[in-house]
Amino acid sequence: MTKQHVTTSINGDEIEFLCETEQTLLDILRDELQFIGTKEGCGSGDCGACSVIVDGRLVCACLMLGVEAQGKKIETIEGIATKEELHPLQQKFIDHAALQCGFCTPGFLVASKALLEKNPNPTETEVRYWLAGNLCRCTGYDKIVRAVLDAAQEMRGASA
Amino acid sequence: MSITEQESAEMKVVGTRISRPDGVDKVTGRARYGADLMLPGMLQGATLRSPHAHAKLISIDTSRAEALPGVKAVVTRDDFKDQPSEIVAAGELPVNYRDVVRNMMAREKVLYDGHPVAAVAATSMSVAKKALKLIQVEYEVLPHVINVVDAMKPGAPILDENLRTQGDESAPDTPTNISKRVQTGFGDVDAGFAAADIIVEREYDTEPVHQGYIEPQACVASYTEDGHAEIWVSTQGHFLIRSFTARLCGLDVSKLKVTPSEIGGGFGGKNNVYGEPIALALSRKAHRPVKMVMSRNEVFRATGPTSGANMKVKVGCTRDGKITAADAVLNYQAGAFPGSPVMQASMTAFACYALENVRVVGFDVVSNRPKVAAYRAPGAQVVAFGVESVMDEMAKKLNMDPVEFRLKNAAKEGVKASFGPTLGPVGLVECLEEIKSHPNYSVPLGPNQGRGVASGFWFNIGGETCVNMNLSEDGTVALMVGTPDIGGSRASMSMMAAEALGIDPKSVTVSVGDTNALGFNFLTAGSRTTFASGKATVEAAQKMILELRSRAAKIWDISVDAVVWEEGEARPASSNAGDFEPLTLAELAKKAPKTGGPIAGHAETNVQGAGPSYASQVADVEVDPETGQVKILRFTVAQDAGKAIHPSYVEGQYQGATAQGIGWALNEAYIYDENGRLENPNFLDYRVPVASDLPMIDSIIVEVPNPNHPYGVRGIGETSIIPVTAAIANAIESATGKRLLKLPMSPPEVLEAIEGNA
């Protein structure tokens, strides 16, 4: 098999990798580059556990090929916190007990970050519909939705 | 050891909402789950599965796969020794080793779509997948049976020619799919019905549903040439993974070390072995570590859904609303091998009611489906759909408020439970009163809207438990438990340890130990973890406190009885004991080398005294008369926790259980085609609730303390899933006047009910 050479940016770092053409971005992130925070729950774009942000758009890494990462800017869960502190969404997920097993949590955080970048002041309904592509089987979503709304409020306060 | 109100008021840590200790790892992506371990030289495993629901396995030719470059090992049935019939406890359901080895890897026959037939280990997943296609399997396809009622009929395709019905003396000595008959109850049911003024009798059907954990099963197995082995695995019980895998692979138990990864949900579905013995057998052949990760398709086709069922429920009542008799017949799907939770279903069916005449007969039935696994309150949720629907219908016939009807007949302390023993303090009446007085119960309803209530009961369990608590030299505490943390139990353990020791929970670091680090621990199942590992943690803390007091006594040269432990320090019991400055945990830790060496506490015990938990719920729905779609408007849950160690995570359990119940009620089902192939093995077609399907779920924590736990804990993980399907069915009836007798209550079913003439 012939592997393709890909140059991309992940969480601000330039990264090169070799990729089989059939490998998904998720395979590359997890198996080749050890960004294990991005999870595989279904491999078919139905659960959102592999949510990443590619050039500002929320995508399921399992639905994108590794070779398509060429020249793109990719953000994963590992890039959400700064060196000094957690992102407000991360802190609010802990404060609100918005995770139980934690497996879907990276996907929810990435998706929520993408939401708040587009819409800093979402209603409960907007949060629920935006996150409808992310499955959580533990929480019933109640505390997740509260955590996102609370983080949004705090972030609006900080930027005001 | 029992809780008093005074002690409760004095608790400093228990009942607060601390940040969970594993929180940062889980929000930053650092936490490592089953598929997250990478080892040098590691191979990728993959499994070939049966495309047939029922077939004889004539031959398996793996030679072409073995010849493919990059393939390092192939295993089939021939790589596993057959096991004799031996039934052992595995979580909440018993299993038979003879069946476990056959479910892990098909032997004489394949019994369901997805049944493993062979497995390969290769240098990459793409090579492994190519290798699977090169394995040639010759099948002789047999007639199959999916539906439970069909499987019970004479002339049905037989899965196991050797199966005879246990527990039924009238059963003929001929092959059958009915593996077992169970019966529970007491009193004279016929006399009870004769005394009734009103009788309601209905038949219900439910479909199997999957636990739906988001993390697929995953493990890494590594075998070394000296006969030792290690497995890293996402599981609810690594000690049971060790028992089963050692048995199936022919290892000494202590030579196999199993380390639990973080676990991405389980709900009972990760109580069993699936790929672990296969991965280890592959590693033994390949001499390299092997990772096995299931795809979602494999999870749906081959891991435990819970039983679907057919059931008849009959209840008799006097005109003033007193139940005179309750009777049920339950036909539960076991999947391809015996072992449905029909016994638990029989015992819990009428446990919410104080009855004099009760009888439940249950049948365990095999069919060509994956072997069922436990799912959150296994068995109880299925039968509750029928029982709580009948109770609602009865209340309507009596013209009684459904909560009042339940209160009038409620099980409470001193009542002989329908499953036998006399109940101690329990909180059903308190839950019902909370529902009755909650604003949800009196919000005015609009057009096409309805309200339903239902209740549920679950036993909760204790079981084998072993913990170690070590005092570090700086006075911080390392606590090791053997029950995987599936929903925040490291937080609750640190809180109970801190409460007992009188210190800050941040000074306690909790980890889940591997199988070499601790004695045998039963699973994280049966809502037992915070109860049982918590009780053992407090016992370990008490032992450590005794040691700390004796060290202080030694330093002060007084009797240990003259030293007390208060607020995290040793103090003289009174001025008579002497005038000494208190010694803190840190000071005693520092002096430990000179006062006798390391300071630790431990507990190894079979924990008894689990406290049953009751729940009651109210659901408000709106039914779209055009489409039959049911929208959940409001949902309120009241459940008895005994004592909430960390209230946020108790609420989370109630909310999560409710959401699963809502999926069960409205969407979720296994759908098979005419060839017995699963048609919806993915999250698009097997639709679990998403955020936009649900409202906030209001959670009321009722606290009737369990006298058998130092802080009153009962166990809270399961009960709230039980009443949900009936609460919603009752709400749909209230909205439309139509009673649905079948799950799921999906839009076509609801629409048919609305438009039908029934």
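Contact here means heavy atoms within 4.5 Å. The model is predicted, with local features needing pLDDT of at least 70 and side-chain atom pairs counting only at pLDDT 80 or more. Residues are numbered from 1 along each chain as its sequence is written, and chains are lettered from A in the order in which they are written.

A good place to start is chain A. Helix H2 (residues 88–95) and helix H5 (residues 142–159) of chain A pack with their axes 8 Å apart, at an angle of about 135°. H2(A) and H5(A) are therefore oblique to each other, a term for angles that are not under 35 degrees, over 145 or from 65 to 115. On the H2(A) side, Pro88(A), Leu89(A), Lys92(A) and Phe93(A) meet residues of H5(A) that include Ile144(A), Ala147(A) and Val148(A). This contact comprises 8 nonpolar, no polar and 3 charged residues; Asp, Glu, Lys and Arg count as charged, and Pro is included among the nonpolar types.

Phe93(A) also leads into the interior. Beyond its neighbours within four places in sequence, Phe93(A) touches Ile144(A), Ala147(A) and Val148(A), among others, as well as Val27(B) of the other chain letter. Phe93(A) is one of the residues with the most contacts inside the largest nonpolar core, which has 153 residues. Such a core is a set of buried residues of types such as Ala, Leu and Phe, joined through side-chain atoms within 4.5 Å, where buried means under 20% relative accessible area with a 1.4 Å probe. Helix H12 (residues 380–398) of chain B gives the most to this core, with 11 residues. Apart from it lies another core of 45 residues, including Met493(B) and Phe531(B).

How values were computed. Side-chain values use heavy atoms; hydrogens and water are left out. Buried means under 20% relative accessible area, exposed over 50%, partly exposed in between (1.4 Å probe, protein chains only). Helices (H or I, at least four residues) and strands (E, at least two) are DSSP runs, numbered from the N terminus. Axes are lines fitted to C-alpha atoms, for helices over the stretch in contact, and angles run from 0 to 180 degrees between N-to-C directions.
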